[in-house]
Amino acid sequence: MSSIKERLQSLRSDIIEACLAAGRDPADVHLLAVSKTKPAGDVMQAWHAGQRDFGENQMQEAISKVNALPDAEWHFVGAIQSNKTRDIATRFNWVHSVASAKVARRLSEQRPEGMAPLKTLIQVNISGEASKSGVSPEAAQLLAADMAGLPGLTLEGLMAIPAATDDEQAQRAPFRELRELKENIEDSLGINMPHLSMGMTGDFTAAILEGSTWIRIGTAIFGSRTR
Ligand SMILES: *Cc1c(COP(=O)(O)O)cnc(C)c1O
């Protein structure tokens, strides 16, 4: 079995290959290592192999890992209950899964004064979405307008988790839709959102071909999970 370090190395070369195929600069595609369900020791191994950004989807599980590695960049990628916004606002650098104006307002209000604004993305339920989380494309536009005025956060872009499929053309369609939605929102609100968070272990090549700037990878780095 290969180590986390070896899997990261091989993933990095796959990412570069996908960028070459897409005619994109590899510096524009960031790797988020999704460490949910995995122990802090695995996160440390990835850290020592040069990985700096880590994603978690449950606050209770995340806290010990965030405390063990406070110098990493921590990204929250899970569903957000209102009573968890303070923990997120005080402990995380990024949130990929904002899906309501109420949560956005709370994150902004609860972001501590001395910290840089929280970097946020709106999770969109794009066609063929596997889960029910995320806002509709129409609601994303309204939510973006709301969030653009909040002082405690910056609106960095959009995120989606399309249903899994093995067919690359079928994988690309929802990613393309998310990119077009981002461009439409930027045009109509006159704002710039630099990021598209899309692509996981099974479909990151397709996501890179459609313009992803954050791929969120768990299995290919840390091995399979039971949940
Ligand atoms: C678990 C998870 C991932 C990583 O999925 P893999 O298929 O293991 O790469 C990415 N994004 C989110 C939001 C997740 O919850």
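**Exercise 1. Strands β1 and β8**

Which residue in β8 does Ala33 stand opposite? Find it, then describe both faces of β8.

*Solution.*
The model is predicted: local features need pLDDT of at least 70, side-chain atom pairs count only at pLDDT 80 or more, and totals for chains, interfaces and linings use all residues. Residues are numbered from 1 along each chain as its sequence is written, and side-chain values use heavy atoms, with hydrogens and water left out.

Step 1. Locate the strands. β1 covers residues 30-34, and β8 covers residues 214-217. Strands (E, at least two residues) and helices (H or I, at least four residues) are DSSP runs, numbered from the N terminus.

Step 2. Check the pairing. β1 and β8 run parallel and are joined by 4 bridges. Two strands pair if DSSP finds at least two bridges between them.

Step 3. Read off the partner. Ala33 stands opposite Ile217.

Step 4. Look at the faces. In a regular strand, side chains alternate between the two faces of the sheet. Trp214 and Arg216 are on one side of β8, and Ile215 and Ile217 are on the other. These four residues are all buried. Buried means under 20% relative accessible area, exposed over 50%, and partly exposed in between (1.4 Å probe, protein chains only).

**Exercise 2. The ligand shell**

Which residues are around the ligand? List them by class, then find the polar side-chain contacts.

*Solution.*
Step 1. List the shell. Val34, Lys36, Val77, Ile161, Met200, Thr201, Arg216, Ile217, Gly218, Thr219 and Arg225 are around the ligand. A residue is near a molecule or strand if one of its heavy atoms lies within 4 Å of it.

Step 2. Sort by class. The shell has 5 nonpolar, 3 polar and 3 charged residues. Ala, Val, Leu, Ile, Met, Phe, Trp, Tyr, Cys and Pro count as nonpolar; Asp, Glu, Lys and Arg as charged; the others, Gly among them, as polar.

Step 3. Find the polar pairs. A polar side-chain atom of Lys36 is 2.7 Å from a ligand oxygen atom. For Thr201, a side-chain N or O atom is 2.5 Å from an oxygen atom of the ligand. Arg216 places a polar side-chain atom 2.9 Å from a ligand nitrogen atom.

Step 4. Check the cover. On its own the ligand has 390 Å² of accessible area, and the protein covers 90% of it. Accessible areas come from the Shrake-Rupley method with a 1.4 Å probe; for residues, only the protein chains shown count as cover.

**Exercise 3. Gln51**

Is Gln51 buried or exposed? Trace what its side chain meets.

*Solution.*
Step 1. Place the residue. Gln51 sits in the loop between α2 (40-48) and β2 (53-56).

Step 2. Judge the exposure. Gln51 counts as buried because its relative accessibility is 4%.

Step 3. Follow the side chain. A polar atom of the Gln51 side chain lies 2.8 Å from the backbone oxygen of Leu31. The backbone oxygen of Asp53 also lies 2.8 Å from a polar atom of that side chain.

Step 4. Add the neighbours. Leaving out residues up to four places away in sequence, Gln51 touches Leu8, Arg12, Leu31, Leu32, Ala33 and Ala46. Contact means heavy atoms within 4.5 Å.

**Exercise 4. Lys65**

Which side chains make a polar contact with the side chain of Lys65?

*Solution.*
Step 1. Place the residue. Lys65 is in helix α3 (residues 59-68). Its relative accessible area is 4%, so Lys65 is buried.

Step 2. Name the partners. The Lys65 side chain makes a polar contact with the side chain of Glu56 (2.9 Å). It makes another with the side chain of Glu61 (2.8 Å). A polar contact is a pair of N or O atoms within 3.5 Å; within protein, one must be able to donate a hydrogen and the other to accept it, and residues adjacent in sequence count only if both atoms are side-chain atoms.

Step 3. Widen the view. Residues that Lys65 touches include Ser35, Lys36, Thr37 and Trp74.

**Exercise 5. Two helix residues**

Where are Ile221 and Leu20? Compare their exposure.

*Solution.*
Step 1. Place both. Ile221 is in helix α9 (residues 219-222). Leu20 is in helix α1 (residues 4-22).

Step 2. Read the exposure. Ile221 is buried, at 0% relative accessible area. Leu20 counts as exposed, at 65% relative accessibility.

Step 3. Check the neighbours of Ile221. Among them are Ile4, Leu8, Leu31 and Ala33.
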